[in-house]
Amino acid sequence: APHHPREACQLGDRLAFHSSYKVFVLRTSQIPAADLRAALALSTNRVLAGAETVLSAWVTNLGPVAAAGVFLTNFLPVQASLVSTSVTQGSVFSGSDVVVAAFGTVPSNGVARLGLRLRFTNSVTFIATNRSFAKSSVPELFPASDVAALTFPVWSDNDRDGLADDWEVEFFGSIAAANGGSGDDCDGDGMTNLEEFLAGTD
């Protein structure tokens, strides 16, 4: 005998209903809903104080309809100085520790990006955290995916030679050691100290 659906409910752009033993989910563009996903990435895996670092934040709309009124709010890490910003669409506003990108409308399967050029001012290595929050005027199915966080170490570089102070002390004994400059090859293996540091080798 056929089993007829007993209950139905709307979840963003999806209709969910169940029979006595099955659950069905129907996704349809007839129900206007967006599905924003926020994401973050760094241009390097070696962030040094004093050097400029590019952080990218972006929003992808995985929903079946365009997301209108999209904003991405980015909270800068402590000890980060904002050098410049860029957006692939819309406009951007910045404060002392927050940057807001007003992207406007992001189409279905579209991506809007915010670029942040940062310079850290710390004199001691620490762990930084950057957070971004996306928001749209269109209802969303999974609002938890609107939030992204990225945690990473920021190495101190008090002599501004492009090498982390901790790395220099570990391998050379101090940040002022002979043959310990970024262009030197302390162990004579054909790689400069800077190349070794960036590659994570010794």
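Among contacts in the chain between residues at least 6 apart in sequence, what percentage join residues at least 24 apart? In this predicted model, the figure comes to 60%. The chain itself is built with two helices and 13 strands. Of its 202 residues, 36% are buried. The chain exposes about 10500 Å², and 55% of that comes from carbon and sulfur atoms.

Salt bridges come next. A search of the whole structure turns up three. Glu52, Arg117 and Arg119 are linked in a network of these bridges. In one of them, the side chains of Glu52 and Arg117 meet at 3.4 Å, N to O. That pair links distant parts of the chain, with Glu52 in strand E6 (residues 52–61) and Arg117 in strand E11 (residues 111–120), 65 residues apart. Arg119 also meets Glu52 in a salt bridge, here at 2.8 Å, N to O. Because Arg119 lies in strand E11 and Glu52 in strand E6, this pair ties together parts 67 residues apart in sequence. As for exposure, Glu52 is partly exposed at 39% relative accessibility, Arg117 is partly exposed at 34%, and Arg119 is partly exposed at 31%.

Arg37 and Asp35 form a salt bridge too, with their closest N and O atoms 3.3 Å apart. Here Asp35 counts as buried, at 4% relative accessibility, whereas Arg37 is partly exposed, at 32%.

Finally, there is some charge on the surface to look at. Asp166, Glu170, Asp187, Asp189 and Asp202 gather there in a patch of negative charge. One of them, Asp202, sits in the segment after helix H2 (193–199). Asp202 is exposed, with a relative accessible area of 58%.

Methods: Residues are numbered from 1 along each chain as its sequence is written. This is a predicted model: local features need pLDDT of at least 70, side-chain atom pairs count only at pLDDT 80 or more; totals for chains, interfaces and linings use all residues. Side-chain values use heavy atoms; hydrogens and water are left out. Patches are made of residues with over 30% relative accessible area and no salt bridge: like charges are joined within 9 Å, nonpolar side chains (Val, Leu, Ile, Met, Phe, Trp, Tyr) within 5 Å. Accessible areas come from the Shrake-Rupley method with a 1.4 Å probe; for residues, only the protein chains shown count as cover. A salt bridge is a side-chain nitrogen of Lys or Arg within 4 Å of a carboxyl oxygen of Asp or Glu. Lys and Arg count as positive and Asp and Glu as negative; His and the chain ends are not counted. The place of a charge is taken as NZ of Lys, CZ of Arg, CG of Asp or CD of Glu. Helices (H or I, at least four residues) and strands (E, at least two) are DSSP runs, numbered from the N terminus. Buried means under 20% relative accessible area, exposed over 50%, partly exposed in between (1.4 Å probe, protein chains only). Contact means heavy atoms within 4.5 Å.
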